[in-house]
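Here is a short report on a single protein chain and its ligand. It starts at one loop, then works through the helices, the metal site and the charged pairs.

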Amino acid sequence: MVPAMTLDLILAITHHLLAFGLAVLLAAELAMLRPGMTATGLKRLGIVDAHYGLFAGLIIVVGVLRVIYGIKGPDAYVPNPWFWAKMAAFAGVGLLSTPPTIAIFRWRRRLKVEPGFCPFEEEVSRVRAFLFAELALFALIPVFAAVMARAAAF
Ligand code: HEM
């Protein structure tokens, strides 16, 4: 049986690595998604976006495990409004990530039938706006997380 403190530490470390990984992947998407993207650039962007989705799924699993098996127990989170503020911000980032994922999928599919295809500049700017909105909302998550973790002390 893994001691409770060890399990809490393992979950916390995994959670932080996934959270920072998500931030890096989101920043990479913003750096890569530019007007005049090459076919290779578009393929790489699809791979980054897929990993972004994978990390988001994994952080939900690890997050739920932290709520249930973390040292503080579910009572520190379920009635905690800052936990729900964090979950709302996370859900908002997830919703805002949908149009970019759909656009990248469409562009890659078109690239398969039209090798020289390059997305239109207006469409690239529109999708970049979603990524900027994601980044702004994402920044709230660690803020809410820090308040959530200390809410019992206030
Ligand atoms: C992008 C997504 C996420 C980010 C950036 C994030 C970030 C963080 C950070 C920075 C902390 C440490 C807070 C502190 O001790 O000051 C934390 C703790 C925690 N997070 Fe997340 N988190 C994310 C998603 C989630 C999800 C989806 C869940 C639950 C379903 C979750 C549950 C928790 C729990 C239970 C803690 C422990 C708080 C405590 O020590 O009391 N997180 N998170």
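Asn-80 sits in the loop that joins α2 and α3. This is a predicted model. Is Asn-80 buried or exposed? Asn-80 counts as buried, because its relative accessibility is 6% and the cut-off for buried is under 20%. Leaving out residues up to four places away in sequence, Asn-80 touches Met-148 and Ala-151.

**Cores**

Met-148 also belongs to a nonpolar core of 5 residues. Val-67, Tyr-77 and Ala-145 are among the other members. This core is separate from the largest one, which has 27 residues. In that largest core, the residues with the most contacts inside it are Leu-33, Met-37, Leu-42, Leu-45, Tyr-52, Trp-107 and Phe-138. Six helices each give two or more residues to the largest core: α1 (4–32), α2 (39–69), α3 (81–96), α4 (98–113), α5 (121–138) and α6 (140–150). In soluble globular proteins, nonpolar side chains tend to be buried together.

Take Met-37 as an example. Beyond its neighbours within four places in sequence, Met-37 contacts Met-32, Leu-42, Leu-45, Trp-107, Cys-118, Pro-119 and Val-124.

**Helix α2**

Helix α2 runs for 31 residues. From first C-alpha to last, α2 reaches 45 Å, close to the 45 Å expected at 1.5 Å a residue. Which residues of α2 are buried? They are Gly-41, Leu-42, Leu-45, Gly-46, Val-48, Asp-49, Tyr-52, Ile-59, Val-62, Gly-63 and Val-67. Their cover includes α1, α3, α4 and α5.

Gly-57 also lies in α2. Gly-57 counts as partly exposed because its relative accessibility is 35%. The C-alpha atoms of Gly-57 and Leu-18 are separated by 9.8 Å, with the two positions 39 residues apart along the chain.

**The iron site**

Which protein residues are donors to the iron atom of the ligand? They are His-15, through NE2, and Lys-86, through NZ. These donors lie 1.8 to 2.0 Å from the iron. The site has 6 donor atoms and is octahedral, with angles of 81 to 178° among them. His-15 is in helix α1 and Lys-86 is in helix α3. The pair is 71 residues apart and links distant parts of the chain. His-15 and Lys-86 are both buried.

**Salt bridges**

How many salt bridges does the structure hold? There are 2, listed here.

| Acidic residue | Basic residue | N to O distance |
|---|---|---|
| Glu-123 | Arg-106 | 2.8 Å |
| Glu-114 | Arg-110 | 2.9 Å |

The bridge between Glu-123 and Arg-106 links distant parts of the chain. Glu-123 is in helix α5, Arg-106 is in helix α4, and the two are 17 residues apart. Glu-123 counts as buried because its relative accessibility is 17%. Its partner Arg-106 is partly exposed, with a relative accessible area of 36%.

In the other bridge, the side chains of Arg-110 and Glu-114 meet. Arg-110 is partly exposed, at a relative accessible area of 34%. Glu-114 is also partly exposed, with a relative accessible area of 34%.

How values were computed
Residues numbered from 1 in each chain as written. Predicted model: local features only at pLDDT ≥ 70, side-chain atom pairs only at ≥ 80, totals over all residues. Heavy atoms only, no water. Core = buried A, V, L, I, M, F, W, Y, C linked by side-chain atoms within 4.5 Å. Buried < 20%, exposed > 50% of the residue type's maximum accessible area, 1.4 Å probe, protein only. Helix = DSSP H or I, 4+ residues; strand = E, 2+ residues; numbered from the N terminus. Contact = heavy atoms within 4.5 Å. Donors = N, O, S within 2.8 Å, 3.2 Å for Na, K, Ca; no water. Tetrahedral: all angles 85-135°; square planar, octahedral: opposite > 155°, others 65-115°. Expected span 1.5 Å × (residues − 1). Salt bridge = Lys/Arg side-chain N within 4 Å of Asp/Glu carboxyl O.
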